[in-house]
Amino acid sequence: MPQLQIRLYYKNVTAEIIGEENGITPKQMKSLHQKTLPIIKQLNRERQEGKTPYRDLPFKTEIADKVKGLAAELEDQCENLVVLGIGGSALGNIALQTALNPFMYNLDDKQRKGPRLFVFDNVDPAQFGSFLDWISDKLDKTIFNVISKSGRTAETAGQFVIVRELLLDKLGPDGLKNQVVATTDPAKGTLRKITDETGFRCLEVPDGVGGRFSVLSAVGLFSAAMCGIDIDSILAGARDMDARVSIEDFYKNPAAINAAVNYHFYNHGKKISVMMPYSYALKDLSDWYRQLWAESLGKAKDLAGNEVHIGPTPVKALGATDQHSQVQLYREGPNDKLFTFLQVNNFDKDIKIGQAPDCAPELGFLAGKDLSALFNSEKKATEYALLQSKRPCLTVVFDKVNAYSIGQFIYLYEVTTSFAGALFGINTYDQPAVELGKEATFALMGRAGYEKLAQQIQPFTELDGDFLV
Ligand code: PA5
């Protein structure tokens, strides 16, 4: 059966709907068209020259084969899969799991097609300690997938060293070797060194692919495959989208339109970009998008080295939950946001709402309706209300949430980010500002070679009692 394509609906950002003061006029759309068209060609060229290796990932079936092979090998010995990673080494894993496995996956053995999955992307000792208390008598049935491209990220390194000691202590050197899968750089870095020395099973973060663009590599695919997700369909969906975002016709290219609309609103006072799925399954994709957008587009300098301090602020919201916490602000606060709704036409399950109690006839309008109809009416109602307040709204429409549509969505947003970066004229693929925080952590934790930085940091980090109230 042919798979359905996700669609981007953009009429509700136009002047026709929200007026000339806030919406995009036909003249402005024409100029966005003219500005973006050469960028479509430029990105296609860069891709052919091998400058954007993330774009090749959906075609690397050898990665999926290796991942599936390893998942099959570990299937019988794994009741719990624990991912240790942060940022681009965790958010995609979480997003795939929430999107493609049932809500009760970890708790209900009947709904579970693989091991329970736990992703630790933080170093909160209370949280991690509670988990270790639970897992420490199940280590022989647990696989730890430590993911770090560099291997020097303090959070992941800290978690890994704790787990390493626990495994050595409880299961000995063979246990350590058997229960860890390392996903890291093929040739260099700290985790590569440890992996080679210990003999861990390992998977690779492909060369030239940054963390936030790596979900379609072994980084995101291994935990997905272990948990019974159809990774071939994810990649097929991404390939489908690859064809669409390569089309050299602005109006037929969803990534080009998406980026151009976002770029336009950023330059017209709407510097905040809210992603609001009306689907629990899609909720962690907004987290993944938030990192992709923020790290890629938030830059101090443009490509010519001019100081620009540019970047739309991505915000995540969840329909209908946040109607009751954010929408007051979104409608009546500053008109400085572009909204992107994620809408699902057909949910995996639907539930009929029963009869209202006799004493509450005012609830009768719900009787006999599908819960999905209520959910999607909430989306339409919120969008209508925002449009009445002249707020621009995009919608990504999913016929269904499945591996194929999720693959399309991920790839759409990755390439949209490349388009947006090119429109803003910045380097989409570096993250210099994140590095200083990483190095400052090393300095604060007493790592050799960071003594000077530790001294520089002191006046900013030591509490001055005069200012403590
Ligand atoms: O997107 C990125 O590059 C970052 O978010 C990294 O993924 C994150 O900092 C973790 O880095 P590493 O995989 O090297 O541990």
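This report describes a predicted model, taking in turn its ligand site, strands, a helix, salt bridges and surface.

## The ligand and its surroundings

Around the ligand there are 14 residues, and of these S89, S148, S150, T153 and Q291 come nearest. Several polar atoms of the protein are placed opposite oxygen atoms of the ligand. A polar side-chain atom of S150 lies 2.7 Å from a ligand oxygen, while the side chain of K438 places an N or O atom 3.0 Å from an oxygen atom of the ligand. The backbone also takes part, since an N or O atom of the main chain of G88 lies 3.0 Å from an oxygen atom of the ligand. Taken alone, the ligand exposes 380 Å², and the protein buries 91% of that area.

## Strand β4 and its neighbours

Strand β4, made up of residues 142–147, is mostly covered, with six of its six residues buried. In a regular strand, side chains alternate between the two faces of the sheet. In β4, T142, F144 and V146 point one way, whereas I143, N145 and I147 point the other way, and all of these residues are buried.

Two parallel partners of β4 can be described. Strand β2 (residues 80–84) runs parallel to β4 and is joined to it by five bridges, and within this pairing L81 stands opposite I143 of β4. Strand β5 (residues 180–184) also pairs with β4 in the parallel sense, here over four bridges, with N145 standing opposite V181 of β5.

## Helix α8

Helix α8, which covers residues 218–226, is largely enclosed by the rest of the structure, because nine of its nine residues are buried. The buried residues of α8 are A218, V219, G220, L221, F222, S223, A224, A225 and M226. After the helix comes G228, whose phi is positive, near 80°.

## Salt bridges

The structure holds 25 salt bridges. Side chains of opposite charge can pair when their charged atoms come close. In one such pair, K188 forms a salt bridge with D185, and their closest N and O atoms are 3.3 Å apart. The two partners differ in their cover: K188 is exposed, with a relative accessible area of 53%, whereas D185 is buried, with a relative accessible area of 3%.

Another pair is formed by D196 and R192, whose closest N and O atoms are 2.9 Å apart. These two residues are four residues apart in helix α7 (residues 190–198), which means that about one helical turn separates them. Here the acidic partner, D196, is exposed at a relative accessible area of 52%, while R192 is buried at 7%.

A third salt bridge joins the side chains of D430 and K299, with a distance of 2.9 Å from N to O. D430 lies in the loop between α14 (403–424) and α15 (432–444) and K299 lies in strand β8 (residues 299–301), so this pair ties together parts that are 131 residues apart in sequence. With a relative accessibility of 27%, D430 counts as partly exposed, but K299 is buried, with a relative accessible area of 7%. Elsewhere, R47, R55, D56 and D242 are joined into one network by salt bridges that share partners.

## Surface patch and loops

On the surface, F103, M104, L107 and Y280 form a nonpolar patch, and together these residues have about 470 Å² of accessible area. One of them, M104, is found in the loop between α4 (91–100) and β3 (116–120). M104 is partly exposed, with a relative accessible area of 33%.

A further loop, between β11 (337–346) and α13 (371–388), holds G364, which is partly exposed with a relative accessible area of 34%. From C-alpha to C-alpha, G364 and N267 are 47 Å apart in space, and they are 97 residues apart in sequence.

How values were computed:
Residues are numbered from 1 along each chain as its sequence is written. This is a predicted model: local features need pLDDT of at least 70, side-chain atom pairs count only at pLDDT 80 or more; totals for chains, interfaces and linings use all residues. Side-chain values use heavy atoms; hydrogens and water are left out. Patches are made of residues with over 30% relative accessible area and no salt bridge: like charges are joined within 9 Å, nonpolar side chains (Val, Leu, Ile, Met, Phe, Trp, Tyr) within 5 Å. Accessible areas come from the Shrake-Rupley method with a 1.4 Å probe; for residues, only the protein chains shown count as cover. A salt bridge is a side-chain nitrogen of Lys or Arg within 4 Å of a carboxyl oxygen of Asp or Glu. Buried means under 20% relative accessible area, exposed over 50%, partly exposed in between (1.4 Å probe, protein chains only). A residue is near a molecule or strand if one of its heavy atoms lies within 4 Å of it. A polar contact is a pair of N or O atoms within 3.5 Å; within protein, one must be able to donate a hydrogen and the other to accept it, and residues adjacent in sequence count only if both atoms are side-chain atoms. Two strands pair if DSSP finds at least two bridges between them.
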